[in-house]
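Colleague: Please select one part of this model and describe it closely, beginning from the interior and following the packing outward. Kindly state the cut-off behind each term as it arises.

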Amino acid sequence: MSLTTFSTERVTERVGRDADLPAKITIPYLSNKKTLRRPITAVTAYDYASARLVDEAGLDLVLVGDSLAMVMQGHENTLAVTMDEMLLYTRGVRRALRRALLVADMPFGSYQTDDREGVANAVRFVKEAGAEAVKLEGGRERKDLVRRMVDAEIPVMGHLGLTPQSVHRMGGYKVQGKTMEAIDELRTDAFALEEAGCFAIVLEGMPRELASIVTEELKIPTIGIGAGPDCDGQILVLHDLMNMTFSTPAKFVRRYADVAGVMREALGEYRQDVEARTFPSDAESYHLSREMRELMAVSAEAQ
Ligand code: KIV
C-alpha cells in the first residue's frame, strides 16, 4: 500500500501558485506558444509517480517515449517494445496527469507496415490509454499515414533527424543532417509533415544551425533534443535528466539531479539498518491495545 492518491485541490493549488499556467495544456496552446516565442517544455515519463511529479512541476508536455524500452526495460535499443507494453505504461502516466498534454510514442512495427494498422494502433492509444496525441518517426514516407490519423481526429507529432527506430539503417546513434543533401532532405521532410497535419515535430540529434532553419521555416512548433537552443521547445528523456541511465550522458544532456546517487545512498542505509535491527523501531511498529497486551501478558515492546 502507498498513499499516493490525488487531492482534488492539487491542480488549483499549483495553478494558483503560478498564475501564468493554464489549467490544461492543449494543442492550440502549444501553437500559440510558438507565436508568442515562449518555449515549450517537455520531458518523457513512463510511470505514475514520475509523471505526477512532472505534471506538478508545470511542464507542458509528457511523452511516453519508446525510449522506455531502454530506460525502463533494459533493452539496448528502442525496437523491442510492443504496442501492449506501450499502452500499459501510457495508462499509468494518464492517471498521473491533470494538466500536461499526454503524447504516446508509436512503437517500432506499429505503423511502418500498413497505414490502416497504424491508424488503428493510434486509436488504441487514445481510446485505451487516454493519450491526447501520438508521435511517430519519419518524413515524407509518413505523409499519407499522418493525414489518415489527423482525419481520424488523432493529433500527430512528427520526429525527424536522429530517429532511434532507424538505428540499424543509420549504423548507430549518429548526428544527422550534416551534408547539403541531408539538410535538403530534412527540410523537405519537415514541410511534408507540416503539410500532412502534424501539430509539432521533434528534431533530434542534428546541428543547431539546421534545427534553427527548420524552426524558422515551419509554422508548427519544433521540439528539440540534441538540436540546440533555437527550437520552439525542448524535450529530454527523464532518466537522462535525473542520472538514471548507468552510462556517460550524450553531449546534449544536462543532468539536473543525481537520483541514482540519492537512491544508492538511501538503499545502502536501509540495508545497514535492517542488518543492525535498527529498522523498524518500536515507534514504526503497530501495537496491541493495553487490554490485549495484559490479556496476552506481553509488554509493549514484546519480542
Ligand atoms: O522515445 C523518446 O523518448 C523520444 C524522445 C527522445 C523524443 O522519442
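Modeller: In the largest nonpolar core, which has 72 residues, V62 and V134 touch the most other members. Such a core is a set of buried Ala, Val, Leu, Ile, Met, Phe, Trp, Tyr and Cys residues joined through C-beta atoms within 7 Å. A residue is buried if 20 or more other C-beta atoms lie within 10 Å of its own, exposed if 12 or fewer, and partly exposed in between, with C-beta atoms placed from the backbone. The model is predicted: local features need pLDDT of at least 70 and side-chain atom pairs count only at pLDDT 80 or more, whereas totals for chains, interfaces and linings use all residues. Residues are numbered from 1 along each chain as its sequence is written.

V134 offers a way into the part I have chosen, helix α7. Apart from neighbours within four places in sequence, V134 is in contact with V103, A104, M106, A122, F125, M149, I154 and V156; contact requires C-beta atoms, placed from the backbone, within 7 Å. One of these partners, M149, is buried in α7, as are L145 and V146. The helix covers residues 143-151; helices (H or I, at least four residues) and strands (E, at least two) are DSSP runs, numbered from the N terminus.

The buried residues of α7 fall within an arc of 100 degrees when seen down the helix axis, so they line one face. The arc is that of the directions from the helix axis to the C-beta atoms. An α-helix has 3.6 residues a turn, so residues three or four places apart point the same way. On the face turned away from the buried side, α7 carries the exposed residues D144 and D151. The buried residues pack against α6 (115-129), β4 (133-135), β5 (156-161) and α9 (180-196).

After α7 comes E153, which is placed in the loop between α7 and β5. Its phi is near 70 degrees, a positive value in a residue other than glycine. E153 counts as exposed because it has 8 C-beta neighbours inside 10 Å. N243 also has a positive phi, near 60 degrees, and is found in the loop between α11 (238-241) and α12. With 18 C-beta neighbours inside 10 Å, however, N243 counts as partly exposed.

For comparison with the one-sided burial of α7, consider strand β8, residues 233-236. Both of its faces are covered, with G233 and I235 buried on one side and Q234 and L236 buried on the other. In a regular strand the side chains alternate between the two faces of the sheet. β8 pairs in the parallel sense with β1 (residues 40-44) over 4 bridges, and A42 stands opposite I235. Strand β7 (residues 222-225) also runs parallel to β8, joined by 2 bridges, with G224 opposite Q234. Pairing requires that DSSP find at least two bridges between the strands.

As to the setting, the protein chain has 13 helices and 8 strands. Of its 303 residues, 39% count as buried. Among contacts between residues at least 6 apart in sequence, 60% join residues at least 24 apart.

Note on methods
Two residues are in contact if their C-beta atoms, placed from the backbone, lie within 7 Å.
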